[in-house]
Amino acid sequence: MANVVVVGAQWGDEGKAKITDLLAAEADVVVRCQGGCNAGHTVKHGEDVFKFHLVPSGMLYGDTLCLIGNGTVINPQVLLNEIEALQQKGYATSNLKVSNRAHLTLPFHTDLDQAQESALAEKKIGTTGRGIGPTYMDKVGRYGLRIGDLYEPEAVLRERLTQIVEAKAELLAKCYPHLPTYTVDDLLAWCKPFAEKLAPYVADTVGLVHESLAQNHNILFEGAQGTLLDVDYGTYPFVTSSNATAGGACTGSGVGPTQIDRVIGVMKAYTTRVGEGPFPTELSDDIGRQLLEIGQEFGTTTGRPRRCGWFDAVIAKYSVQVNGLDGLAITKLDVYDGMPELKICVAYRNRETGEQTTQFPSQLRALQHVEPVYETWPGWAGSVKETRQYEDLPVEARNYLSRISALIGCRLSIVSVGPERNQTILLENPISGGKRHLSSPEKVIA
Ligand code: IMP
């Protein structure tokens, strides 16, 4: 039995929800650790389909404790909508707890996110417009409002809101005079109904997660976004405002690194990105359009079409490094069904100097000057959608997966061949498979 972190190993939308949902069957606790309602994960159970933004993917297992940790930022209306949607379909919600240390997205955070994006014009980040950046800015700037503050005596809450309003008034008046302004009384009135409705769900989740650790429970840490969107390791400034890498699971939950046994990186068999920013293997041809259509690559939160491209082993290897990945979950292999040949980017070449590297560049400018160096692998005829055993995959598919595993130096744990829970090839179960072990990359067959 093990405590496992599941992270996105590309630019988000890798299919983490399906993998988390699958592993949650073995978990006693599922914890969301960072991000907010910028995330979007579709979880299916029978006929029921939920598009969650905040609640952990384990919510559909009624007896799994689902925690939204201190590293997240919470739009209370979005959270209440999700709770209500679950209740309407008869699902239990008493197993959901949200950290009293998590920060609240206040109304002006969303306004500011959208106004800042408009002001950036063609230099925009392409945010989800959900107020995520401004909420984290205020958290780090020490002008945030935490969920726990809602339950302070009114005088204390009023004092906190006064500091916040004073800090924001000048910025709003000088830089964004067209945006609505909020008085302390407006914000107090905004807080009150949320405080009441959220009360049954608010807890010190650090205490809860440590009770679970003391009882040797299995804890699954569910990442949001992806490694290349991490504020430190991503394609800065085209990133989100939190640590989407494995370290974020610790800081966002109150669990130390010594308590984590495994880190599983989820990556698509190809690559996608939504929003602006560099993407070396992006395809703007028919193959890119084919991936978009067959893979149904549209954002869960914003509905935007995702940019699609070949698998990039440079970013994937970097992801293995910065997350300490010791298992890979490769999703959407079936999207490649019938494709005559598949390319893998094995290095970047500088367009001007011709120099090649397999190291992911830290500077945006360097990244803008590279072109991918590809290896071409044969595709497979027929479909892998019904395959449930690794050995039953076409040899071309096995060779493709083995090559990826070998190139990036990480073993293959899971292969997903369709959206349903059972459309999964489990080479090992990271939770019941036990504690940390030495990982060995796959051998290439051909
Ligand atoms: P923000 O997180 O809304 O500030 O957006 C910053 C960048 O992260 C933009 O490029 C978004 O498209 C991207 N982003 C944020 N959340 C997700 C996600 O869950 N999946 C994919 N991209 C995301």
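In this predicted model, long-range contacts dominate: of the contacts in the chain with a separation of 6 or more, 77% join residues 24 or more positions apart. The overall dimensions agree with a compact globule, because the radius of gyration is 22 Å and the value expected for 446 residues is near 22 Å. Along the principal axes, the C-alpha atoms fill a box of roughly 70 × 55 × 40 Å.

Of the 446 residues, 57% count as buried. The exposed surface of the chain is about 18,300 Å². Carbon and sulfur atoms supply 51% of that area. The chain carries 42 positive and 52 negative charges. Their mean positions lie 2 Å apart.

The chain contains twelve helices and 20 strands. Ten of the strands form an open sheet with mixed pairing, in the order S9-S7-S5-S2-S10-S1-S11-S15-S19-S20. Strands S9 (202-203) and S20 (424-426) stand at the edges. Each has a single partner strand, so one side of each is left without a neighbour in the sheet. Strands of a sheet pair through backbone hydrogen bonds, either parallel or antiparallel. Strand S15 (residues 327-331) pairs with strand S19 (residues 412-416) in the parallel sense, over three bridges. In this pair, Leu-328 stands opposite Leu-412 of S19.

Helix H1 spans residues 16-24. Nine of its nine residues are buried, so the helix is largely enclosed by the rest of the structure. The buried residues include the charged side chains Lys-16, Lys-18 and Asp-21. Also buried in H1 are Ala-17, Ile-19, Thr-20, Leu-22, Leu-23 and Ala-24.

Methods: Residues are numbered from 1 along each chain as its sequence is written. This is a predicted model: local features need pLDDT of at least 70, side-chain atom pairs count only at pLDDT 80 or more; totals for chains, interfaces and linings use all residues. Side-chain values use heavy atoms; hydrogens and water are left out. Buried means under 20% relative accessible area, exposed over 50%, partly exposed in between (1.4 Å probe, protein chains only). Helices (H or I, at least four residues) and strands (E, at least two) are DSSP runs, numbered from the N terminus. The radius of gyration is taken over C-alpha atoms; the globule rule is 2.2 Å times the number of residues to the power 0.38. Contact means heavy atoms within 4.5 Å. Accessible areas come from the Shrake-Rupley method with a 1.4 Å probe; for residues, only the protein chains shown count as cover. The place of a charge is taken as NZ of Lys, CZ of Arg, CG of Asp or CD of Glu. Two strands pair if DSSP finds at least two bridges between them.
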